[in-house]
Amino acid sequence: MNTVTIWIDADSCPTLVRNHVVSYANKLNIEVKLVANKNIPMEKTFPYQMIICNEEKDAADIFILQNVKPYDLVITRDIVFADKLVTKEIHAINDRGTYFCKDNIKNLLSDRDFDFQLAQIGLVKQPKNGYSKKDFEKFANCFDKILQKLIKEIALLNARNKSKI
């Protein structure tokens, strides 16, 4: 039987998002795995799995990439990592409600690289944006939409597989 697992690239994911995902997933009996280079503090209200990787660069990303499966959902801020997920046809969103897909990932990578180059030569300061209520609302809406889509796809797939037996 196929299932959905939610993976959180937890090192830079806001506490509000982590807590929301774990709470929401618990209501739907969906497994949540937080992956990071160190233990990430969480409310112990609902079950989740904390996976601590070594401290090498991108260790958490590599772990997720090696263990994620079709119909899973990954939450990450890392656009380069998101590109790898999209290439593998894995659903990925960020904590601000952006759904990463084949239609937008190359433009997002290009924008990121351009902004980084401008910052390196001092033309633009790297913004230190906080995480607003509006950011969270956009995330929550995107998360719900994509998760419900995955749940429906899994149900159809499982029904097809069951009818073949």
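The legends below accompany an overview and several close-up views of a predicted protein model.

**Figure 1. Overview of the predicted model, with its five helices and six strands.** Followed along the sequence, these elements are arranged in the pattern β-α-β-β-α-β-α-β-β-α-α. The protein has 165 residues, of which buried residues make up 41%. When contacts between residues at least 6 apart in sequence are considered, 57% of them join residues at least 24 apart. The surface that the protein exposes amounts to about 10100 Å², and carbon and sulfur atoms supply 53% of this area.

**Figure 2. Close-up of Asp9, a buried acidic side chain without a salt bridge.** Asp9 belongs to strand 1, which covers residues 5–9. The nearest side chain of opposite charge is that of Arg77, and it lies 9.0 Å away from Asp9, whereas a salt bridge would require the nitrogen and oxygen atoms to be within 4 Å. The side chain of Asp9 does, however, make a polar contact of 2.8 Å with the side chain of Thr76. Leaving aside residues up to four places away in sequence, Asp9 touches Val35, Ala60, Asp61, Ile64, Ile75, Thr76, Asp78 and Phe81.

**Figure 3. Close-up of helix 3 and the residues at its two ends.** Helix 3 spans residues 79–87, and within this helix Ile79, Phe81, Ala82, Asp83, Leu85 and Val86 are buried. An α-helix has 3.6 residues a turn, so residues three or four places apart point the same way. At the start of helix 3, a side-chain oxygen of Asp78 comes to within 3.0 Å of the backbone nitrogen of Val80. After the helix comes Glu89, which has a positive phi, near 65 degrees.

**Figure 4. Close-up of two salt bridges, Asp83 with Lys106 and Lys102 with Glu89.** In the pair formed by Asp83 and Lys106, the closest N and O atoms are 3.0 Å apart. This pair links distant parts of the chain, since Asp83 sits in helix 3 and Lys106 in helix 4 (residues 105–120), with their positions 23 residues apart in sequence. Asp83 has a relative accessible area of 15% and is therefore buried, as the limit for that class is under 20%. In the pair formed by Lys102 and Glu89, the closest N and O atoms are 3.5 Å apart. Here too distant parts of the chain are linked, with Lys102 in the loop between strand 6 (99–100) and helix 4, and Glu89 in the loop between helix 3 and strand 5 (91–93), 13 residues apart. Lys102 counts as exposed because its relative accessibility is 59%, and Glu89 is likewise exposed because its relative accessible area is 58%. A search of the whole structure finds nine salt bridges, among them the pairs shown here.

**Figure 5. Close-up of Asp58 and Tyr71, two residues other than glycine with positive phi values.** Asp58 is placed in the loop between strand 3 and helix 2 (59–67), and its phi is near 65 degrees. The side chain of Asp58 meets that of Lys57 in a salt bridge, with an N to O distance of 3.6 Å. Lys57 counts as exposed because its relative accessibility is 70%, while Asp58 counts as partly exposed because its value is 34%. Tyr71 is placed in the loop between helix 2 and strand 4 (73–75), and its phi is near 75 degrees. At 25% relative accessibility, Tyr71 counts as partly exposed.

**Figure 6. Close-up of Phe46 in the loop between strand 2 (31–36) and strand 3 (49–52).** With a relative accessibility of 26%, Phe46 counts as partly exposed. Phe46 and Tyr24 are 22 residues apart in sequence, and their C-alpha atoms are 9.5 Å apart in space. Not counting residues up to four places away in sequence, Phe46 touches Val22, Ser23 and Asn26.

**Figure 7. Close-up of cysteine residues in a model with zero disulfides.** A disulfide is a covalent bond between the sulfur atoms of two cysteines. For the sulfur of Cys142, the closest cysteine sulfur is that of Cys101, at 10.0 Å, which is too far for a bond, given that the two sulfur atoms would have to be within 2.5 Å. Cys142 counts as buried because its relative accessibility is 11%, and Cys13 counts as buried because its relative accessibility is 7%.

Technical notes: Residues are numbered from 1 along each chain as its sequence is written. This is a predicted model: local features need pLDDT of at least 70, side-chain atom pairs count only at pLDDT 80 or more; totals for chains, interfaces and linings use all residues. Side-chain values use heavy atoms; hydrogens and water are left out. Helices (H or I, at least four residues) and strands (E, at least two) are DSSP runs, numbered from the N terminus. Buried means under 20% relative accessible area, exposed over 50%, partly exposed in between (1.4 Å probe, protein chains only). Contact means heavy atoms within 4.5 Å. Accessible areas come from the Shrake-Rupley method with a 1.4 Å probe; for residues, only the protein chains shown count as cover. Lys and Arg count as positive and Asp and Glu as negative; His and the chain ends are not counted. A polar contact is a pair of N or O atoms within 3.5 Å; within protein, one must be able to donate a hydrogen and the other to accept it, and residues adjacent in sequence count only if both atoms are side-chain atoms.
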